[in-house]
Amino acid sequence: MRLTEVHVEGIANVTLRCPGLYVCPNDSSIPQTQNEYLKFLDLRKNMAHQIADKRRVYLACRVIFAGDKAHLRRPKKVREEIEKRPLALGSLTHDLGIEKVVEILRDLLERRVFESELKAKVEFPELFHSSLDQEVQREASEIDAAKSTAEALEEIASAEHDSAESDDELGETVKNGTNTVQPDSSHAAVLPSLYPTYIPYRAQHLILNETQRMLEESCFEFFQKWLPGVLSEKEWDCASSAELTKWTRILAKMSTKVPVEAFTLGKTPLTEILFATNKIRHSAVHRLSTTARGIHDLIKSAVALAFTLGDHKRASQLEEMSYELDSKIKAMDLNKNALENSATAGLEEIQRQREALDKKEKEVVAGMMRNDQENRALVGAILEDSVSRILQEKTEMEDEVKVEQGENGGSDSRA
C-alpha cells in the first residue's frame with residue numbers, strides 16, 4: 001500500500017499508512033489511532049491554553065500576592081483580594097471567569113510560585129528571558145533618564161545655593177516638570193520602548209514626601225538628644241520647623257560638636273550620607289518625575305541616614321519600603337518583558353501576513369498581465385487567421401475570375 005506523508009503542526013514525520021491509522025516515528029508516546037490522535041491534539045491545545053491562562057494570571061496578580069499575601073490559601077480570602085480590584089483585574093475575570101482565576105491562583109499559591117522567583121522561573125521560563133539587545137537598550141534608557149534627573153537636580157541645587165544659608169529658604173516656588181526620556185525619532189524602533197520604568201507620579205510623590213517627613217523627624221529627635229541648644233536658638237519645636245536640607249546642612253556644620261559614638265558610621269563619610277538625601281527633598285518639592293530605580297536609590301540613601309543617626313525604627317521602615325518598591329519594580333519589568341515579547345510575536349505574524357499579501361498581490365498583478373498577454377496572443381492569432389483567410393479567399397476569388405475569364409475568352413475565339 002502506498003504511504004502518504006502528512007504534515008501536522010508541531011509534530012514531524014507523521015505518516016498515514018492506512019485510513020484511521022497514524023504512525024509517528026519520532027514520538028512513540030503519541031496515540032496511533034486517528035480518534036486517539038485527534039483527542040491527543042485537543043488535549044495539547046487545551047494544555048497550551050491552560051499555560052497561557054496561568055501566565056496571564058501570574059503576571060496580573062504578582063504585585064498583589066506578595067509578602068504576607070503570598071501565604072493566602074483559602075478560596076474566600078483569595079477571591080476577596082481579586083474583588084477588591086475590579087478596575088485592574090476586571091478584564092482578567094471577564095475573560096476567564098472569577099472562579100477560574102481563583103482556582104489558578106490557589107494552585108500557584110499552594111506551589112509557592114509567588115513566594116519564590118526561582119519557582120516562577122521554572123513555571124514560566126519565557127517570562128524571564130530577554131535578549132542581549134533588549135538588556136542593552138533598557139540599561140541605556142535607565143542611564144539616560146538618571147543622567148537627565150541628575151542634571152535637573154544639579155540645576156536646582158545650584159539655584160538654591162545662594163539662599164542656602166538664609167532662613168527664608170522655605171518660601172520657594174514649586175515647579176512642575178517631568179524627566180521622561182523621549183525616544184530618538186532618528187533611530188525609531190519597530191516597537192516603542194517601555195523603559196525606563198516609572199511608577200505613577202501620585203505614588204512617587206507619596207513615597208518621597210513620607211520619606212522626607214520620616215528623615216526630618218529622625219533629625220529632630222537627633223537634635224533633641226545631641227544638639228538641643230540649636231533647637232532653642234532657632235526656636236524649632238517640631239520636625240516640620242525646617243526642611244530636610246536645612247537639617248542636614250546644620251548637622252554637617254555642627255557634627256564636630258557631637259560625640260563620635262552618636263553616629264553609626266561605616267566607610268562612607270558623614271557629609272556624603274547627609275547630602276545624598278538632599279535629592280529626596282528636591283525631587284519632592286520640584287515635582288521631578290523620577291524613574292522607579294531612581295526612587296529606590298533615594299530610599300536607600302534615606303535608610304543610610306536614618307541608620308547613621310541611630311534611628312533604627314525608621315531605618316527598618318524605610319528598608320521595608322525599599323524592599324516593597326524593589327519587588328514591584330521587578331513585577332513591572334516582568335510584565336513589560338511579557339508585553340514586549342507578545343507584541344514582537346504579533347508584529348512578526350503581521351509581517352508574515354504582509355509578506356503573504358505582498359506575494360498574493362504580485363501574483364494577482366502577474367496573473368492579470370499574463371492573462372492580458374494570453375488574450376493579446378489569442379487575439380493576434382485570431383487576427384492572423386482572419387487575415388490569412390481573407391487573403392486566401394481573395395486569392396481564390398481572383399483565381400476563379402481568371403479561370404472564368406479564360407473560359408470566356410476561349411469561347412469567343414471558337415465563335
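User: Which helix does Leu270 lie in?

Analyst: In this predicted model, Leu270 lies in helix H10, which covers residues 270–276.

User: Why is Leu270 called buried?

Analyst: The relative accessible area of Leu270 is 13%, and a residue is called buried when that value is under 20%; Leu270 is therefore buried. Not counting residues up to four places away in sequence, Leu270 touches Ser255, Phe263, Leu265 and Thr308. For Ser255, which is 15 residues apart from Leu270 along the chain, the C-alpha atoms of the two are separated by 8.7 Å.

User: What makes Thr308 buried or exposed?

Analyst: Thr308, which is found in helix H12, has a relative accessible area of 2%, and because buried means under 20%, Thr308 counts as buried. When its neighbours within four places in sequence are left aside, Thr308 is in contact with Ala262, Phe263, Thr264, Leu265, Leu270 and Ile273.

User: Why is H11 called oblique to H12?

Analyst: The axes of helix H11 (residues 278–285) and helix H12 (residues 292–308) come within 9 Å and cross at roughly 135°. An angle over 145 degrees would count as roughly antiparallel, and one from 65 to 115 as roughly perpendicular; the angle of roughly 135° belongs to neither of these classes, so H11 is oblique to H12. H11 passes H12 in a left-handed crossing, and the contact is made by Lys279, Ile280 and Ser283 of H11 together with Leu298, Ser301 and Ala302 of H12. Sorted by class, this contact of H11 with H12 has 3 nonpolar, 2 polar and 1 charged residues.

User: How do you know that H11 is largely enclosed by the rest of the structure?

Analyst: The conclusion rests on a count: 7 of the 8 residues of H11 are buried, so the helix is largely enclosed by the rest of the structure. The buried residues in H11 are Asn278, Ile280, Arg281, His282, Ser283, Ala284 and Val285. H11 is followed by Arg287, whose phi is positive, near 55°.

User: What makes Asp237 exposed?

Analyst: Asp237 has a relative accessibility of 65%, and exposed means over 50%, so Asp237 counts as exposed. Asp237 lies in the loop between helix H8 (228–234) and helix H9 (244–254). Gln224 is 13 residues apart from Asp237 along the chain, and the C-alpha atoms of these two residues are separated by 9.5 Å.

User: Why is Cys219 called buried, and why is Cys238 called partly exposed?

Analyst: Cys219 has a relative accessible area of 0%, and since buried means under 20%, Cys219 is therefore buried. Cys238 has a relative accessibility of 32%, which falls in between the limits of 20% for buried and 50% for exposed, so Cys238 counts as partly exposed.

User: How many disulfides does the structure hold?

Analyst: The structure holds 0 disulfides. In such a bond, the sulfur atoms of two cysteines are joined covalently.

User: Where does Cys219 take part in a contact of helix H7 with H9?

Analyst: The axes of helix H7 (residues 201–226) and H9 come within 9 Å and cross at roughly 35°, and H7 passes H9 in a left-handed crossing. Cys219 belongs to the H7 side of the contact, which is made by Gln212, Leu215, Glu216, Cys219, Phe220, Phe222 and Phe223 of H7 and by Leu244, Trp247, Ile250 and Leu251 of H9. By class, the contact of H7 with H9 has 9 nonpolar, 1 polar and 1 charged residues.

Notes. Residues numbered from 1 in each chain as written. Predicted model: local features only at pLDDT ≥ 70, side-chain atom pairs only at ≥ 80, totals over all residues. Heavy atoms only, no water. Disulfide = S-S within 2.5 Å. Buried < 20%, exposed > 50% of the residue type's maximum accessible area, 1.4 Å probe, protein only. Axes fitted to C-alpha atoms, helices over the stretch in contact; angles between N-to-C directions. Helix = DSSP H or I, 4+ residues; strand = E, 2+ residues; numbered from the N terminus. Left-handed = near helix turned anticlockwise from the far one by under 90°. Contact = heavy atoms within 4.5 Å. Nonpolar A, V, L, I, M, F, W, Y, C, P; charged D, E, K, R; others polar.
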